[in-house]
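Good morning, colleagues. Please bring up the sequence and the structure, and I shall take you through one chain and then through two interfaces.

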Amino acid sequence: MDEITEGTSQVDCDILVIGGGTAGPMAAYKAKKKNPDAKVILLEKANVKRSGAISMGMDGLNNAVIPGHSTPEQYVKEITVANDGIVDQAAVLKYAENCYEIIQELDNFGIRFQKDENGDFDVKKVHHIGTYVLPMPNGDTVKKALYRQLKRARLLISNRYMATRLLTGKDGRIAGAIAVNTRNAEFLVVRAKAVILCMGAAGRLGLPTSGYLYGTYENAANSGDGYAMAYHAGAGLANLECFQINPLIKDYNGPACAYVAGPFGGYTANNEGMRFIECDYWSGQMMQEFYNELQSGKGPVFLKLNHLADETISEIETILHEVERPTRGRFQVNRHNDYRHGMIEMHISEIGFCSGHSASGVYVDDNACTTVPGLYAAGDMASVPHNYMLGAFTNGAVAGEHAVDFVNEVDFADIDEDFIAAEKKRVLAPTLRDDGIPPNQIEYKTRRLVNDYLQPPKVTRKMQLAQDRFAETREAMENEMAVTNAHELMRSLEVASIMDCADMAAFASLFRTESRWGLYHNRADYPERDNENWFCHSILSKDDAGQMTIRKKEVDPYVIPIDEDEKDAYDKQRIKAQA
Amino acid sequence: MSAFEPFEQFDEVEDIVDRLDDPDPGTRRVAVMDLADSADPSAVTYLKKALGDEAREVRLQVALALAEFDGPETADALVVAVVDEDAGVAQAAADSMAELKDPAAADPILPFVTHESAFVRAASLRALRELKRTESLKPALDAFSDEDATVRSEAISVVGYLKTEDALPALMSMLKDVEPAVRRTAAGALGFSVTTAAAEALAQSLTDSDWQVREIAAETLCKVQSTVAAPALRAALTDEYWQVRQKSIRSLGKLGVAEAVPEIIPSLDHDISNLRKEAAAALGEIEAPEAVPALEAHLDDPDPDVRKNIRWALGRIRSE
Amino acid sequence: MPLAQQSSSVPVVVDDDKCIADKGCTVCVDVCPLDVLRISDQTGKAFMKYDECWYCMPCEADCPTGAVSVHIPFLLR
């Protein structure tokens with residue numbers, strides 16, 4: 001079982017989509033719909049049936065721009081302000097303009113959104129300025145409905161193949177990818193005219209407070225492989241210092257979830273049962289306020305529902321305990337928690353990269369194109385900020401539809417056999433050692449170091465120490481890591497991704513010598529925001545010599561202008577009570 | 001390894017169906033699961049046949065498997081499963097029926113709206129709702145007098161989804177149903193109408209004995225967009241449930257009922273901050289200058305959301 | 001460098017009497033995003049081979065016979 005066997009196969013396709021979670025299936029589906037003659041392969045490390053961030057569904061859309069409730073312009077402004085201005089608006093606007101059509105399409109797929117008694121989408125107001133929340137009380141069927149469409153479209157699905165490196169041609173263009181089977185370690189080389197990366201967040205970067213390696217906020221399969229692969233292929237990665245940190249139920253590491261409880265009247269409270277969050281839209285500023293309260297005498301922080309009617313709480317329980325992370329209910333039972341009586345203790349998550357909730361991602365333009373020709377990215381790993389599940393679907397569709405036209409114009413790029421041989425050697429190295437350090441220990445140590453040294457508030461000297469420790473651990477990984485079967489080999493490859501992400505997190509955080517995005521990039525020794533020098537993206541990449549490098553990139557001119565008084569809309573709201 | 005194909009094999013239906021006759025029910029069950037996975041519409045015929053299986057677990061799996069397919073043939077199989085003697089099979093079939101999207105799937109289901117079993121009637125109506133066929137209107141309206149409350153609720157939803165003004169009197173009559181759950185559905189279903197009649201009917205529901213009916217009526221009135229209900233909404237500001245008051249305040253704000261301002265202001269002092277927050281927002285929506293002193297007096301509310309709304313409201317009023 | 005073998009209480013439990021993996025069912029193994037379940041060569045039933053669980057539940061929810069139960073891992077219980 002899981003024995004390592006030798007073997008390599010090769011297939012050719014027009015479009016290779018890597019990652020079968022949310023964005024990936026949509027990208028593949030849309031490409032195939034637009035051109036049924038195109039050969040599209042969907043590659044997935046687990047099984048597309050239930051993989052990715054939404055394996056068990058989703059309890060609502062947080063950013064639905066639906067006519068009559070909000071406008072694309074309003075949404076773009078909101079996202080721009082929530083990201084402290086560092087936004088290339090074109091991609092956000094495109095999302096906002098397209099997402100309603102995608103909601104309707106998902107509805108036709110059989111994905112169930114909350115509707116009122118007239119069959120209209122039952123949009124709820126949670127944010128201050130716009131109305132974007134569309135609950136999904138029966139959202140546990142998302143993946144099932146999606147998979148059904150993929151089967152009907154007869155897409156080529158390759159499950160249990162973990163992509164390890166992208167292949168690029170001599171001209172720098174994308175040429176395909178190399179993958180390894182997670183059950184038998186056989187290689188698969190895929191030649192492709194375009195590749196779409198949809199590999200999710202880097203969710204196994206920090207270590208959860210429970211110490212359980214897989215007790216992460218993100219689906220633990222999302223180990224940042226996409227970030228690492230894009231980096232090694234020479235793509236630019238944007239604003240990696242803008243970490244993801246989310247509120248969650250203490251220890252359980254599942255969302256609390258304010259977007260579910262909010263429309264019912266539940267909220268996040270301090271130990272006095274009072275609201276304390278001043279900031280409106282989900283942002284680093286909100287997380288900073290959360291962190292401050294946790295550290296204060298009014299901490300810790302709780303989810304408060306006990307002021308609601310019994311009937312209301314029962315309804316919330318049904319949603320919270322059946323959809324997205326259904327073991328939540330079991331956790332509460334173990335802890336003897338009842339939403340009717342006490343409040344539920346909350347905490348903040350470990351750090352990660354994820355544009356779904358923040359802005360750290362592989363840089364993409366409004367066509368989901370990365371800086372490598374023929375390489376696309378969408379979903380949690382692409383740089384369109386705050387795009388959540390609906391952004392993954394919408395931007396996945398954008399990528400698929402653009403790529404299917406792109407492949408008409410090009411032929412296969414040449415592939416470098418030496419590179420493939422070297423990559424196979426790298427992948428198999430831990431299988432050739434009779435003994436050594438198992439991947440789980442390397443992973444634990446790396447992630448423990450991430451917590452010790454990279455968790456905000458960030459301190460320059462600590463991050464430099466982190467770089468030293470990471471280098472030592474990397475050396476152990478490269479020279480001493482040993483695995484005994486194909487499953488463990490997958491874990492060892494994930495550790496390499498985690499290590500790359502840890503290095504990038506430190507490097508990008510050291511670069512931006514200011515504080516921005518609230519807690520996400522709170523630098524204790526540069527506590528002020530510095531618009532004069534840092535109103536820009538940071539773009540990290542691998543240079544021709546194979547070294548990590550980083551540069552500033554100007555923010556594209558706004559498509560939707562932000563008035564001066566709107567820029568500090570949140571600051572104005574944040575006026576403290578005098579009493 | 002030359003014939004290596006790294007792709008998921010969607011099994012051919014013909015290769016699976018032999019196993020449907022296997023003596024072992026576990027094997028037959030797995031065959032049904034494989035048929036579901038095939039995504040091949042030709043599997044539906046075999047699935048329907050397998051509904052005659054003697055083992056309940058096989059029939060249950062068929063009822064679940066049918067959710068993977070759509071169209072009239074699938075519906076035709078599901079109406080067989082929904083009358084299964086086993087309650088679990090019937091329930092799974094009812095759930096699968098609700099997944100149907102193809103309007104043509106309604107045809108085999110329509111006759112079951114008058115089935116002798118209330119469960120089957122409710123399941124059929126639930127499936128018809130999303131299919132939005134005008135042929136469903138008449139049988140759904142007939143079901144308004146059904147003896148079973150769940151059936152009546154499902155029937156109201158079918159009518160509500162069709163959004164036809166002709167059905168208004170019937171829908172309004174359901175606001176007097178004996179069951180609170182039915183009245184709630186009826187109140188919500190009136191939201192599509194912008195008529196005075198609908199507003200008047202909902203206004204009467206603001207004094208319903210069930211607080212959740214009152215809450216939905218108050219909420220729906222903001223969609224109906226008629227100020228004819230304003231006096232009743234104002235009266236609801238003394239409701240014993242703050243939830244009802246909250247929704248009433250929201251609707252008064254959206255409808256811009258200036259007369260309600262003095263009655264909204266006391267809610268700025270309520271213990272529940274959700275209500276204070278709503279009151280501040282509504283006073284801003286109405287843009288009532290006379291609310292300025294009260295709003296200013298609460299600028300330091302301990303709840304940040306309330307403070308935000310008060311500032312927003314004051315900004316709106318002052319910019320006039 | 002010798003390796004130690006340590007015990008670990010795993011969160012996913014399979015009821016062998018209900019499990020029909022020996023009839024060809026592989027649902028729980030297929031749907032696990034972390035790929036931690038396997039079918040035993042000895043018993044023909046599913047079991048948790050690797051203690052790497054996100055306690056996300058598809059294995060339990062999709063099991064046709066209700067044989068799988070997911071518990072919260074002890075470390076965060």
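Reading chain C from the N terminus, its elements follow the order β-α-β-β-α-β. That amounts to two helices and four strands. I should say at once that this is a predicted model.

The C-alpha trace of chain C spans about 40 × 30 × 20 Å along its principal axes. Chain C has 77 residues, and 53% of them are buried. As for its internal contacts, consider those between residues at least 6 apart in sequence: 54% of these join residues at least 24 apart.

I turn now to the contacts that chain C makes with chain A. Here, 24 residues of chain C are in contact with 30 residues of chain A. What is the character of the residues on the side of chain C that touches chain A? They divide into 18 nonpolar and six charged, with no polar residues.

The second interface is that of chain B with chain A. In this case 32 residues of chain B are in contact with 33 residues of chain A. Which helices of chain B each supply at least two residues to the side that touches chain A? They are helix 10 (149-162), helix 12 (180-189), helix 18 (273-286) and helix 20 (304-318). Helix 20 of chain B gives the most to that side, with five residues. By class, the residues on the side of chain B that touches chain A comprise 12 nonpolar, nine polar and 11 charged.

To place the two side by side: the side of chain C that touches chain A has no polar residues, whereas the corresponding side of chain B has nine.

How values were computed
Residues are numbered from 1 along each chain as its sequence is written. Chains are lettered from A and ligands numbered from 1 in the order in which they are written. This is a predicted model: local features need pLDDT of at least 70, side-chain atom pairs count only at pLDDT 80 or more; totals for chains, interfaces and linings use all residues. Two residues are in contact if their C-beta atoms, placed from the backbone, lie within 7 Å. Ala, Val, Leu, Ile, Met, Phe, Trp, Tyr, Cys and Pro count as nonpolar, Asp, Glu, Lys and Arg as charged, and the others, Gly among them, as polar. A residue is buried if 20 or more other C-beta atoms lie within 10 Å of its own, exposed if 12 or fewer, and partly exposed in between; C-beta atoms are placed from the backbone.
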